[in-house]
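Q: Please take a close look at a single helix pair in this protein. How do the two helices pack against each other?

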Amino acid sequence: MPAPNEPLRLTNADLNSPQVQQYLDVQASMRRDVGDLAAEPLLIRVVYASWFYLAIASAVGALIAWACLEPFFDDNALAHHHEGNIVGLFLFPTVAGFVGLFLGAAEGLMCRNVLRALLCGSVGLGIGFGLGLVFLIPAAILFLVMRIAATAFQKDPNAAPEGFAFLIVMMGRATAWALAAIPAGLGQGIALRERKVVYNGVVGAVLGGMLGGLLFDPINVIFSSPDGRATLSRCIGFVVIGFSVGLFVGLVEGWTKTAWLLMRAGPLAGKQFVLHRDTTVLGSSPKADIYLFKDDAIEPRHALLHNRGGRFELEDCKTPDGTYVNGVPITRQILKTGDKIVLGKTVLEFALKETK
């Protein structure tokens, strides 16, 4: 045995001994270092961006609403401002209901989570249509007031508004749709019981409804047929409103997010998961907050991600295959931006928005 103060000396035979090699093999087998991963192609990143697929889904919902309403439109009655028929009663709630249906179901469909899509979609339809009937009253009153105000700037009150009167009508329609679109943005947040998602939905719906409503009358002028039929213009107008609502709901989510996971490898590579909850469940169960499917190594409840007042801690749920951060198996670990989480064959990259 060497003296206490004598330095430890290792020979080549010691370094190449079977015991050392066995230890290194065990350590290597415990690591899941994925190394550098190539960025996903631009097309994939766009398709998986929430502002894109929510906009498309909402536009499809508005298109279906138009198809349901169009048989009841009477352009001759509308030309004489007789809008108090059945289409006037069900216009706002029908559009809000179908936009809410597709807006709510979109996230679940993108994540291949049928249960979540059915839950959020059905709640979105019910909330959108039900509250749409309630919001119909103030929205209609607002538009009527602005319509009356526009006549003050018209020489002929029965003529189509022009100039400043047309601008007032545009503003009135934008205000009415901003209010009427609110129920469409509520469904997903209410279904998931997430206040942040409710907030994003309301703000996005107001902004999107306002923009779509503002464009509705110019679209009508451009696309109405010479005989006064507005079938095409209504179709385009409703789709633009739906598209705008979904677009802004997705944009608001991006503006307000503080932490998220980006799937770098796995069946949804390129998809971003915004972290809203105090505790987020990652697992192979459809009931998990982040549903990781098609991987036998991932348990139904594989890992938990806790928000500790702005610091995020990852916890492994004592799984056989384990949870890894930057290739090292963990039980609990505080995450930092850029950390790569490995569960089975899935790789997620953690990101935290910097605060000034």
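A: The following account treats one helix pair and its setting in the chain. This is a predicted model, in which local features need pLDDT of at least 70, side-chain atom pairs count only at pLDDT 80 or more, and totals for chains, interfaces and linings use all residues. Residues are numbered from 1 along each chain as its sequence is written, and side-chain values use heavy atoms, with hydrogens and water left out.

The protein has 11 helices and 11 strands; helices (H or I, at least four residues) and strands (E, at least two) are DSSP runs, numbered from the N terminus. Two packed helices are described by the angle between their axes and the distance between the axes. Helix α6 spans residues 86–110 and helix α8 residues 163–180; their axes come within 10 Å and cross at roughly 55°. These axes are lines fitted to C-alpha atoms over the stretch in contact, with angles running from 0 to 180 degrees between N-to-C directions. Helices α6 and α8 are therefore oblique to each other, since angles under 35 degrees count as roughly parallel, over 145 as roughly antiparallel, 65 to 115 as roughly perpendicular and the rest as oblique.

From α6, the residues L91, F92, V95 and A96 meet A176, W177 and A180 of α8, where contact means heavy atoms within 4.5 Å. The residues of this contact divide into 7 nonpolar, no polar and no charged; Ala, Val, Leu, Ile, Met, Phe, Trp, Tyr, Cys and Pro count as nonpolar, Asp, Glu, Lys and Arg as charged, and the others, Gly among them, as polar.
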